[in-house]
Amino acid sequence: MTDTTDTTAAEPGLPAETAASTDDADLFPLEAGALDRLRARLAERAGEHGLLDVAYRTIDTPVGPLLLAATQAGLVRVAFEREGFDAVLEALAAKLSPRVLRAPRRLDAVAAEVEEYFAGTRRSFDLPLDYGLSAGFRQLVQRWLPHIGYGQTRSYREVAEFVGSPRAVRAVGSACATNPLPVVVPCHRVLRTDGGLGGYIGGLDAKEALLSLEAAA
């Protein structure tokens, strides 16, 4: 997988002068790869000085580019391109910390497990997760979702029963729809009672693709 982040974009939470603009690139041309090395060094120094609270990168997958973001506690966000990566990063800066920086190396282990999942060689994730973007019943549901085995599905009603609130079917649907960690926390394995796909933050095509991937394995 390759990192697809736009290297000309300003880093969220950093002064504008720390990011190289197109005009700067024209005035001060850099050899190929130099900007990436500078950004990597910036991320390293920020981490050393405690200035990096949320690290992120983007990767290519069979369901399109995904943005991965992590705090010191663990993976905190997985976002589909349709959500708007800029909007997702702005939300992370507002909800968690303005010190958000593209730091691909910090997410190498995450990217590797996601790659293995899409290759069909991984059936569960062994990653520390940060559920800090959710609270209350939504977080309760999201923490339970990994109990749905690879290649299996449950209905919204069944999930409501499993978490001890059999009447909270709509609330389960809301928890799945707002899951900040799709793919890794498998809300795609939750279907309507009649077997319909229901909704999905990544779009129904992505949900169907994930279910087909697991069914094929």
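Contact here means heavy atoms within 4.5 Å, while helices (H or I, at least four residues) and strands (E, at least two) are DSSP runs numbered from the N terminus. The structure is a predicted model in which local features need pLDDT of at least 70 and side-chain atom pairs count only at pLDDT 80 or more, whereas totals for chains, interfaces and linings use all residues. Residues are numbered from 1 along each chain as its sequence is written, and side-chain values use heavy atoms, with hydrogens and water left out.

A convenient place to start is the sheet. Its 4 strands form an open arrangement in the order 3-2-1-4, with mixed pairing; two strands pair if DSSP finds at least two bridges between them. Strand 3 (75-80) and strand 4 (100-102) stand at the edges with a single partner strand each, so one side of each has no neighbour in the sheet. On average, neighbouring strands are turned by 25° against each other, direction ignored; the axes behind such angles are lines fitted to C-alpha atoms, for helices over the stretch in contact, and angles run from 0 to 180 degrees between N-to-C directions. Strand 2 (residues 66-70) pairs with strand 3 in the antiparallel sense over 5 bridges, and one bridge joins alanine 70 to leucine 75 in strand 3. Helix 3 (residues 85-95) packs on the sheet, where it touches strand 1 (54-59), strand 2, strand 3 and strand 4. The direction of helix 3 makes about 155° with that of strand 3.

Two residues give a closer view of this region. Leucine 66, in strand 2, counts as buried because its relative accessibility is 1%; buried means under 20% relative accessible area, exposed over 50%, and partly exposed in between (1.4 Å probe, protein chains only). Leaving aside residues up to four places away in sequence, the contacts of leucine 66 include Arg57, Ile59, Phe80, Val114 and Phe118. Valine 78 lies 12 residues from leucine 66 in sequence and 6.6 Å from it in space, C-alpha to C-alpha. Threonine 71 sits in the loop between strand 2 and strand 3 and is also buried, with a relative accessible area of 14%. A polar atom of the threonine 71 side chain lies 3.1 Å from the backbone nitrogen of alanine 73. Beyond residues up to four places away, threonine 71 touches Asp53, Val54, Val76, Leu96 and Asp130.

The nonpolar interior comes next. A nonpolar core is a set of buried Ala, Val, Leu, Ile, Met, Phe, Trp, Tyr and Cys residues joined through side-chain atoms within 4.5 Å. The largest has 43 residues, of which Leu68, Leu75, Phe80, Phe118, Leu145, Val159 and Val183 touch the most other members. Elements that each supply at least two residues include strand 1, helix 5 (136-144) and helix 8 (204-216), and helix 4 gives the most, with 5 residues. A second, separate core of 11 residues includes Val54, Ala79, Leu89 and Leu92.

Finally, the helices offer a picture of their own. Helix 7 (residues 169-177) has Val172, Ala175 and Cys176 as its buried residues. Seen down the helix 7 axis, these fall within an arc of 100°, so they line one face of the helix; the arc is that of the directions from the helix axis to the C-beta atoms. Their cover includes helix 5, helix 6 (156-162) and strand 6 (190-191). In helix 5, the buried residues are Gln139, Val141, Gln142 and Trp144, and they pack against helix 6 and helix 7.

Notes
A polar contact is a pair of N or O atoms within 3.5 Å; within protein, one must be able to donate a hydrogen and the other to accept it, and residues adjacent in sequence count only if both atoms are side-chain atoms.
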